[in-house]
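Open the structure in your viewer and keep the selection tool at hand. The tour goes from one selection to the next and says what is there.

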Amino acid sequence: MVDRGASALSLPDDWPAHPDPILALNRMGSFDWDLDSGLFHMDAQAYEVFDLRPDEYDGYPGSLESRVPGAEAHRLDALVAQAIKDGSENYGTYFRLRCRDGSLRWTHTQGYIRRDETGRPRRIVGIVRDATQELSELESRREQAAQDEARRRQTNVVQLTTAALAHARTVDDVIDVLKDTHGLTHLGATSLVFGLVEAGRIRLVAEGPEGSFVPGTDITRIDEPYPMSEVVRTLSPRFIESPEEFAERYPILWPHITGLDITSAAYLPLIAEARPIGAMGLLYSDRRGFSPEDRNVLIALGSSIAQSLQRAMLFEQEKDLATGLQQAMLPRTIPSVPGADVAVRYRAATAGGSPGRDIGGDWYDLIPLPGGRVGAVIGDVQGHDTHAAAVMGQLRIVLRAYAAEGHTPGTVMARASVFLHELDTERFATCLYAEADLSTGVVQVVRAGHIDPLIRHPDGSCRRVSVPGGLPLGLSAEFGRLEYPVATLELDPGHTLLLCTDGLVEQPGADLDDGMRTLAALIATGPDDVRDLADRLIDVAEERGGDDDVALLLLRRHGLDTPQSGSRLQQHVAPGDPEALVAARHMIRAAVGAWGARDRCDEIELVADELITNALMHTEGSAIVTLRVLTGPERRLRVEVEDPSSALPRRREAGESGVSGRGLLLVDLLTDTWGVEARGGGKCVWCEFQVPEPS
């Protein structure tokens, strides 16, 4: 139209170049542009569109300069020139037109290019029309769509925040979700203020951005003139729509936050079960006012946060209670053990859901016993809840009591099983009890459905010790199978005994044997110190995670400078139990060597074997073998064999075969002294051997 170059003005890309006919107005004119002569003919309606009188127009486009601003003329000329150059048949665009009164209005034009048989453009015919109302309606639609999109985004933020809060277990988790930039940033908030109601006060637990802390607001009273105090006090939200309103309503707070350029704010009470548990403030720096939809979205967000916060607070309270129960059930301290280094560790499970599943029935215990002995216990009550912890606490107490009464390991386990069976519970428990004489290194082990112990050697090698066992505690009493075989181990100086629960061994996709081999390899490469080794094992359990708790006990024997007086070992031998007899012989051999009487080992073992055999053959019950070290003017080793019969042993002549009748003769010849004592309804045959002091 006018050769003025390109224009910088353009409409949004989604505004149509061709109008919707339904939206077109009646004020529309036509034109016929002769490209050869340059004449631009318009009809009467076109004059009205351009707000021109016929005497103001000379028929050439240049005379429209008073109505078409220069930038628009440049853009129109460029559009037409490009359409002609491209061989297009038509073009169309919106442009601004200056009216007689100087105001601007939107206009639309559309032209059709007529060419001759050679393709040369000769004429352009088209229309011009007033597009003010059309674009106003389009703009209104765009604004409405933008508002709808903003509400949709806000609603999505509420939904996403609610979904994220569903996984928040603690108050810190809730705060982390709210401070996530993908949450509040999408709501347009510049910063977050978050407080919890505690004992009539509000404790600030989150405030941002960094450096925006207001002095004196970390703990505030509910009756103070602060917005969070007000919403807690009234249980109603407060929407502050301008800086002026903020300064007027909260003159104490406003001077401290003017540097944040806050233009509006929304403070929401966090209400659960009709009582305030906290408050939250969202501060904005790029908006003024809140529409009804905005307020509804924020109130819904506050309700969702309040529910999650209440759930998190209850979770933490229950977790504290459960953790306190667990700690109360486990030993507060582990006694020092002369002759050994001991380390114990416990790791709670990390299962989701109820906090009660973060505790369980795993336990450990170390029980000082007479004669320099010590009892080590590891156990696991079925289940992961407070009931399992309560059962565990009772079992730990009765095991300690039975062991301290001096019962043999097998009897300790059997009585514990009966106790659990008689409790008002359906739970059972696995357990391993090891009774160690640290002066000799003899360890008697009894196992009730538990995993085997492991022993680490001074060179670092580690092996699993296969121990025969009985049914878990509770089940053995239920089925009347209370026999628990006792295995005897030797723990040399520098050796470490490890007892643990299956949470340290079991791994997804691996069987128990593989888990035990993996654990043995881990122990073999671990540090020498038992405390450092225990830390290493529990760290691995933490890294592995899992839904089972872990208890472990390590005992490393380093030997005593001198054997303690009163050192005592005991073994129960039942009739018809060859394994128990072998275990008793094993115990005797180990004790004699450890107590410095190796030179008399054969004599002592032969005499003890004879006394045990006599007790089993000539009585109807079992035998209890006890070895002691006695000190005095002369150091002696004493062997006692107790049986339920009151009949005294008598010396008999050897038969013709010479196989029997020599027992008491051997006892008399090989011992330094011997005798018989009454023990309740039975008796005890004893003998003593003088042994040298250890060098």
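**A hairpin and its sheet**

Start with β24 and β25, which form a hairpin with 5 residues between them. Strands here are DSSP runs of E with at least two residues, helices are runs of H or I with at least four residues, and both are numbered from the N terminus. This is a predicted model, in which local features need pLDDT of at least 70, side-chain atom pairs count only at pLDDT 80 or more, and totals for chains, interfaces and linings use all residues. Residues are numbered from 1 along each chain as its sequence is written, and side-chain values use heavy atoms, with hydrogens and water left out.

Select β24 (residues 623-630) and β25 (636-643). The two strands run antiparallel and are joined by 7 bridges; strands count as paired if DSSP finds at least two bridges between them. Within β25, L637 is the bridge partner of V629. Of the 8 residues in β25, 6 are buried (under 20% relative accessible area; exposed is over 50% and partly exposed in between, with a 1.4 Å probe and protein chains only).

Next, select L630, which lies in β24. L630 counts as partly exposed because its relative accessibility is 22%. Beyond its neighbours within four places in sequence, L630 is in contact (heavy atoms within 4.5 Å) with R635, R636, R638 and E688.

Now add β27 (residues 682-690), which runs antiparallel to β25 and is joined to it by 8 bridges. E640 has W686 of β27 as its bridge partner.

Widen the selection to the whole open sheet: its 5 strands come in the order β23-β24-β25-β27-β26, with antiparallel pairing. At the edges are β23 (568-573) and β26 (673-679), each pairing on one side only. From one strand to the next, the twist averages 20° (angles run from 0 to 180 degrees between N-to-C directions, with axes fitted to C-alpha atoms, for helices over the stretch in contact).

Which helix packs on the sheet? Select α15 (residues 578-594): this helix touches β23, β24 and β25, and its direction makes about 165° with that of β23.

**A helix pair**

Finally, select α13 (residues 512-524) and α14 (residues 530-544), which pack at an angle of about 140° with their axes 10 Å apart. The contact is made by L519, L522 and I523 of α13 together with L533, R536, L537 and V540 of α14.
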